[in-house]
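The report below describes one protein model, with attention to side-chain contacts and to the parts of the fold that they join. Please read it alongside the sequence and the coordinates.

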Amino acid sequence: FTVETDGRLPTGETLAEVLAEVRAAGSDPTWRTVRVAGRFRYDLEQVLAARTNAGSPGVHLLTPLALPGSDTLVMVTRGWVYSPDAATADLGRWREGEFITLTGYLLPLPDTGAAAPPDASRPLRSLNRAALEARVGAPVAAVQIVMTSDSSARADSVPRRLAVQVPDSGPHWSYALQWFGFALIALVGGA
């Protein structure tokens with residue numbers, strides 16, 4: 001079992017080694033691209049409710065990945081699926097294979113937050129390690145992997161993968177110009 005990174009670390013390191021090196025360097029693992037191999041635990045799969053895609057209601061599928069030689073599960077956000085009530089999904093329809101090699105990017109999981117609903121059939125409304133550990137009954141890694149591709153070839157549909165978000169400066173400059181324009185119009189109009 002190895003993890004290949006996006007070039008910032010040498011290949012051949014396990015996910016634990018990547019995370020240890022990130023902690024030692026004091027850097028943020030967010031957006032780090034990794035490639036991991038393991039076994040999906042569909043029996044512990046979770047649904048994250050109220051997620052939209054192009055205005056359509058849906059859910060995100062969160063499937064724990066069991067890594068060889070580790071009792072800590074890594075939560076994998078496999079993607080978005082349509083759900084008319086934005087809370088339920090036919091999980092059996094979206095299975096992708098048990099043993100898999102996948103590529104994705106890392107996002108941190110907060111340690112605490114809103115508790116998971118006591119009824120395991122109800123979806124999660126927010127993600128945090130404490131809620132996930134209560135639901136799956138095992139330790140959960142401090143990061144989640146947002147899946148972008150995998151090793152399985154299939155003819156059936158798969159959850160819509162989440163796009164990598166590109167950080168940018170946003171529309172701040174145009175908003176600033178707009179509000180200075182409003183102020184100028186108010187001053188000139190008032191005079």
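## Salt bridges

The model, which is predicted, contains 7 salt bridges. In one of them the side chains of R39 and E98 meet at 3.5 Å from N to O, and this pair links distant parts of the chain, with R39 in strand 2 and E98 in the loop between strand 5 and strand 6, 59 residues apart. Both ends have some access to the surface: R39 is partly exposed at a relative accessible area of 28%, and E98 is partly exposed at 41%.

Another salt bridge joins R78 to E45, with the closest N and O atoms 2.6 Å apart. Because R78 belongs to strand 5 and E45 to the loop between strand 2 and strand 3 (46-53), this pair ties together parts that are 33 residues apart in sequence. R78 is buried, its relative accessible area being 0%, and E45 is likewise buried, at 8%.

## A buried charged network

The side chains of E96 and R161 form a salt bridge as well, at 2.5 Å from N to O. E96 lies in the loop between strand 5 and strand 6, while R161 lies in the loop between strand 7 and helix 3, so the pair ties together parts that are 65 residues apart in sequence. Both E96 and R161 are buried. Through salt bridges that share partners, E45, R78, E96 and R161 are joined into one network. As general background, side chains of opposite charge can pair when their charged atoms come close.

## Aromatic contacts

There are 3 aromatic pairs in the structure. In the pair formed by W31 and Y105, the ring centres are 5.3 Å apart and the planes stand at 35°, so the pair is tilted. Since W31 is in the loop between helix 1 (15-25) and strand 2 (33-40) and Y105 is in strand 6 (residues 99-108), the contact ties together parts that are 74 residues apart in sequence. The partners are placed in contrasting surroundings, for W31 is partly exposed with a relative accessible area of 31%, whereas Y105 is buried at 4%.

F40 and Y42 make up another aromatic pair, also described as tilted, with 5.6 Å from centre to centre and 55° between the planes. F40 counts as buried at 2% relative accessibility, and Y42 counts as buried at 11%. The ring of F40 has a charged neighbour too: the charged end of R78 sits over this ring, 5.8 Å from its centre. R78 thus takes part in this contact and in the salt bridge with E45.

## Nonpolar core and surface patch

The largest nonpolar core comprises 17 residues, and those with the most contacts inside it are F40, L65, V76, L102, L106 and I145. Helix 1, strand 2, strand 5 (73-82), strand 6 and strand 7 (140-150) each contribute at least two residues to this core, and strand 7 provides the largest share, 4 residues. In soluble globular proteins, nonpolar side chains tend to be buried together.

Nonpolar side chains also occur on the surface, where Y175, W179, F182 and I185 form a patch with about 490 Å² of accessible area together. Of these, Y175 is found in helix 3 (residues 172-190) and counts as partly exposed at 46% relative accessibility.

## Chain layout and backbone

The protein chain has 3 helices and 7 strands, which follow the pattern β-α-β-β-β-β-β-α-β-α when read along the sequence. Of its 191 residues, 39% count as buried.

Most residues other than glycine have a negative phi. Against this background, W31 has a phi near 75°, a positive value in a residue other than glycine, and its position is the loop between helix 1 and strand 2. A54 likewise has a positive phi, of about 55°, although it is not a glycine. A54 is located in the loop between strand 3 and strand 4 (56-66), where A54 counts as exposed at 77% relative accessibility.

Note on methods:
Residues are numbered from 1 along each chain as its sequence is written. This is a predicted model: local features need pLDDT of at least 70, side-chain atom pairs count only at pLDDT 80 or more; totals for chains, interfaces and linings use all residues. Side-chain values use heavy atoms; hydrogens and water are left out. Rings of Phe, Tyr and Trp (its six-membered ring) pair if their centres lie within 6.5 Å; planes under 30 degrees apart count as stacked, over 60 as edge-to-face and the rest as tilted. Buried means under 20% relative accessible area, exposed over 50%, partly exposed in between (1.4 Å probe, protein chains only). A charge sits over a ring if NZ of Lys or CZ of Arg is within 6 Å of the ring centre and within 35 degrees of the ring normal. Patches are made of residues with over 30% relative accessible area and no salt bridge: like charges are joined within 9 Å, nonpolar side chains (Val, Leu, Ile, Met, Phe, Trp, Tyr) within 5 Å. Accessible areas come from the Shrake-Rupley method with a 1.4 Å probe; for residues, only the protein chains shown count as cover. A salt bridge is a side-chain nitrogen of Lys or Arg within 4 Å of a carboxyl oxygen of Asp or Glu. A nonpolar core is a set of buried Ala, Val, Leu, Ile, Met, Phe, Trp, Tyr and Cys residues joined through side-chain atoms within 4.5 Å.
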